[in-house]
Amino acid sequence: MDEELQREFDRVVAAEQRIEPRDWMPEGYRRTLIRQIAQHAHSEIIGMQPEGNWITRAPSLRRKAILLAKVQDEAGHGLYLYAATETLGADREDLTQKLINGRQKYSSIFNYPTLSFADVGVIGWLVDGAAICNQVPLCRTSYGPYARAMIRVCKEESFHQRQGYELLMTMMRGTEAQRRQVQDAVDRWWWPSLMMFGPPDDASSNTEQSMAWRIKRHTNDELRQKFVDMSVPQADKLGVTLPDPELRWNAERGHHDFGTPDWDEFWRVVKGDGPCNAQRVAHRRKSHDDGAWVREAATAHAAKRAAKESAA
Ligand SMILES: [Fe+2]
Ligand SMILES: [Fe+2]
């Protein structure tokens with residue numbers, strides 16, 4: 001029986017069809033998906049903090065409205081993704097506990113501080129840009145609810161990237177001090193953005209199995225290369241320098257060569273020792289505690305309605 005179910009699962013995956021919540025799936029597939037989607041959901045929610053930090057200090061009403069909309073989008077992305085984990089049998093409260101107890105990770109990029117308003121632009125351009133590179137292929141991932149969530153997420157991410165790039169263009173047309181601010185933000189965010197694709201392929205333990213299950217569609221290094229090739233002409237147009245002396249076009253490969261990110265720094269930040277790890281998790285824990293009364297009220301309201309309905 002199990003063999004037959006496994007064969008059917010393999011057939012669906014190989015045929016580029018979708019696995020749905022009602023379908024049988026190998027336990028490892030379910031666990032990998034829960035881990036990956038939860039990590040993704042946590043990243044969306046934690047990712048609200050570095051930029052949320054600038055909402056009250058946005059330089060104009062227009063910039064404030066754009067930034068508010070963007071940060072709210074990220075909350076929505078978290079919501080779609082937590083809902084997707086629930087279709088796999090995960091419990092949202094349990095995932096939240098794992099996040100605030102440090103037992104589940106989120107993208108290490110959000111452990112860096114946002115020092116000026118130019119960071120809002122550079123995050124939109126590079127961080128949301130890298131997220132798009134990662135996420136567009138996930139629209140074809142083998143698990144149906146995840147793939148469908150990603151289609152909507154990607155549409156919103158492309159707005160995030162454009163608002164960031166447009167903000168930077170505006171600043172680059174401004175004063176010398178503004179141009180310096182943009183370059184400084186680019187210098188700080190470029191390498192962490194490259195790290196968003198994860199460790200090099202030969203150090204990425206889950207890649208092979210995830211590719212076989214078609215959860216993952218490209219390797220970390222393939223996506224990193226794509227991001228670099230995409231960003232170089234954008235940096236040119238913007239008039240900023242990417243902080244990598246080894247960056248140059250390689251006509252033979254048809255791609256840019258580039259330097260090696262500081263993987264020691266990457267692992268340090270992943271393991272909890274980045275500039276803002278403790279602050280991000282503490283802030284998330286406090287918001288969760290502050291929201292306890294909302295969850296209690298919603299639960300009481302749902303119970304009341306259910307009692308009313310069953311009485312009727
Ligand atoms: Fe997002
Ligand atoms: Fe985004």
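The following exercises, each with a worked solution, concern an iron site and two pockets in a predicted model.

**Exercise 1.** Determine which residues coordinate the iron ion (ligand 2), and why the arrangement of its donor atoms is irregular.

*Solution.* Begin with the donors: the iron ion (ligand 2) is held by Glu74 and Glu157 through OE atoms, by Asp128 through OD and by His160 through ND1, at 2.0 to 2.2 Å. Along the sequence, these donor residues follow the spacing E-x53-D-x28-E-x2-H. Next, consider the angles, which run from 85 to 160° for the four donor atoms and therefore make the arrangement irregular. The relevant cut-off is that four donors count as tetrahedral if all angles lie between 85 and 135 degrees, and the upper end of the range, 160°, does not satisfy it.

**Exercise 2.** Find how far apart the iron ion (ligand 2) and the iron ion (ligand 1) are, and which residue coordinates both. Then state whether aspartate 128 is buried or exposed, and do likewise for glutamate 157.

*Solution.* The two ions, ligand 2 and ligand 1, are 3.4 Å apart, and the residue that coordinates both is glutamate 74. Turning to the other two carboxylate donors, aspartate 128 belongs to helix H6 (residues 117–135) and glutamate 157 to helix H7 (residues 144–172), so the pair ties together parts that are 29 residues apart in sequence. For the accessibility step, buried means under 20% relative accessible area; aspartate 128, at 4%, is buried, and glutamate 157, at 2%, is buried as well.

**Exercise 3.** Describe the largest pocket by its volume, by the elements that line it and by the classes of its lining residues.

*Solution.* The volume of the largest pocket is about 1,200 Å³. Its lining comprises 47 residues, and those nearest the centre are Gln36, Gln39, Met196, Phe197 and Gly198. Several helices supply at least two lining residues each, among them H6 and H7, while the largest share, seven residues, comes from H2. Sorted by class, the lining holds 17 nonpolar, 19 polar and eleven charged residues.

**Exercise 4.** For the second largest pocket, establish the volume, the element that gives the most residues to the lining and how the lining divides by class.

*Solution.* The second largest pocket has a volume of about 260 Å³. Its lining includes Ala75, Gly78, Tyr82, Arg92, Arg284 and His288. Two or more lining residues come from each of H4, helix H5 (92–100) and helix H12 (277–290), and H4 gives the most, with four residues. The class division is four nonpolar, four polar and four charged.

Definitions and conventions
Residues numbered from 1 in each chain as written. Chains lettered and ligands numbered in written order. Predicted model: local features only at pLDDT ≥ 70, side-chain atom pairs only at ≥ 80, totals over all residues. Heavy atoms only, no water. Donors = N, O, S within 2.8 Å, 3.2 Å for Na, K, Ca; no water. Tetrahedral: all angles 85-135°; square planar, octahedral: opposite > 155°, others 65-115°. Buried < 20%, exposed > 50% of the residue type's maximum accessible area, 1.4 Å probe, protein only. 1 Å grid on protein atoms, 1.4 Å probe; cavity = no way out; pocket = protein on both sides within 12 Å on 5 of 7 lines; lining within 4 Å. Points joined across faces, edges and corners; volume = space filled by probe spheres on them. Nonpolar A, V, L, I, M, F, W, Y, C, P; charged D, E, K, R; others polar.
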